[in-house]
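Visitor: Could you take me through a close look at a single part of this structure? I would like to see how that part fits in with the rest.

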Amino acid sequence: MVQNMIDSYKHKGLRKQLVETIRKKGIEDINVLNAIETVPRHFFFDSSFLNFAYEDKAFPIGAGQTISQPYTVAFQTELMEIKKGDKVLEVGTGSGYQACILAEMGARVYSVERQKSLYSKALKFIPSIGYIVKLFYGDGYTGLPAFAPFDKIIVTAGAPFIPDALIEQLKPGGILVIPVGAGDIQIMTTITKISESECKKREHGTFRFVPLLGNKAKD
């Protein structure tokens, strides 16, 4: 992470350019675009890689994980239809960038990470830049049943299947956004919970994610 966290006019200008890039790719939700423009993505990068912070690309963050491409973050966030005060579960904290975007939008964020090294970093880092996110170390497949139900759930890694536990932890009317697929390419999928016994599934094109793994990582 950046040790000397300065958000300069240059950085703000680069974020404006990034927002224009993802707007041209089809992101329309003004609250999503405002959050991307507000959260300093370069804070989530080691200082030697700052030149990559405002490219619309994913980037390695260690432990075999990546900070997602800004367009992908915006796309998933737009699908969630976030309203201020929504209680949101994020599966896969990673760098913490997605969690901070959601917090910036006024969501109450609960985030679970299976990689101990990433969890420990995020636990210190996210509060240091002014965001409140409840962080947990654990297996994302099981969600956070003790804190359910959630208005929205987002999975930030490719899942070979949709875990039943996550659907169970959605409120009626809630939305789960999850990239589904066992191979290199996943289909972005939304599950809208109509009632306790009925869900509506929609598919939203292909993406590439690192795989969602079960259990806690052995560090």
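Guide: Let's begin with a word we will need often: a residue is buried if its relative accessible area is under 20%, exposed if over 50%, and partly exposed in between, using a 1.4 Å probe and protein chains only. Helices (H or I, at least four residues) and strands (E, at least two) are DSSP runs, numbered from the N terminus. This is a predicted model, where local features need pLDDT of at least 70 and side-chain atom pairs count only at pLDDT 80 or more, while totals for chains, interfaces and linings use all residues. Residues are numbered from 1 along each chain as its sequence is written, and side-chain values use heavy atoms, leaving out hydrogens and water.

Our part is helix 4. Seven of the eight residues of helix 4 are buried, so the helix is mostly covered. These buried residues are Tyr-97, Gln-98, Ala-99, Cys-100, Ile-101, Leu-102 and Ala-103. Just after helix 4 comes Gly-106, which has a positive phi, near 95 degrees.

Now look at Tyr-97 and its surroundings. Contact means heavy atoms within 4.5 Å. Setting aside neighbours within four places in sequence, Tyr-97 touches Ile-36, Val-39, Arg-41, Phe-44, Ile-67 and Val-73. Val-73 is one of the buried residues of helix 3, so let's step over there. In helix 3, 10 of the 11 residues are buried, so this helix is largely enclosed by the rest of the structure. Besides Val-73, its buried residues include Pro-70, Tyr-71, Phe-75 and Met-80. Glu-81 follows helix 3 with a positive phi, near 55 degrees.

Tyr-97 also leads us to a wider group. A nonpolar core is a set of buried Ala, Val, Leu, Ile, Met, Phe, Trp, Tyr and Cys residues joined through side-chain atoms within 4.5 Å. The largest one here has 49 residues, and those with the most contacts inside it are Ile-27, Ile-36, Phe-44, Tyr-97, Ile-101 and Leu-102. Elements giving two or more residues to this core include helix 1 (9-24), helix 2 (30-38), helix 3 (70-80), helix 4 (97-104), helix 5 and strand 5 (133-137). A second, separate core of 18 residues includes Leu-144, Ile-162, Leu-176 and Val-180.

Let's follow helix 5 next. Tyr-119 sits in this helix, which covers residues 116-128, and with a relative accessible area of 15% Tyr-119 is buried. Beyond its neighbours within four places in sequence, Tyr-119 is in contact with Glu-113, Leu-135, Phe-136 and Tyr-137. After strand 5, the loop leading to strand 6 (150-155) holds Gly-143, which is buried at 6% relative accessibility. The C-alpha atoms of Gly-143 and Val-91 are 7.1 Å apart, although 52 residues separate the two along the chain.

Strands 8 and 9 are worth a visit too. Two strands pair if DSSP finds at least two bridges between them. Strand 8 (residues 186-195) is joined by eight bridges to strand 9 (residues 198-207), and the two run antiparallel. Strand 8 and strand 9 make a hairpin with two residues between them, and Thr-190 stands opposite Arg-202.

Some polar residues of strand 8 are covered as well. Gln-186 lies in this strand and is buried at 1% relative accessibility; Lys-193 is buried at 2%. A polar contact is a pair of N or O atoms within 3.5 Å; within protein, one must be able to donate a hydrogen and the other to accept it, and residues adjacent in sequence count only if both atoms are side-chain atoms. A side-chain polar atom of Lys-193 lies 3.0 Å from the backbone oxygen of Ile-167, and one of Gln-186 lies 2.9 Å from that of Gly-183.

Finally, let's step back to the whole chain. The protein chain has six helices and nine strands. Its radius of gyration (taken over C-alpha atoms) is 16 Å, close to the 17 Å that the globule rule (2.2 Å times the number of residues to the power 0.38) gives for 219 residues, so the chain is as compact as a globular protein of that length. Of these 219 residues, 53% count as buried. Among contacts with a separation of 6 or more, 54% join residues 24 or more positions apart.
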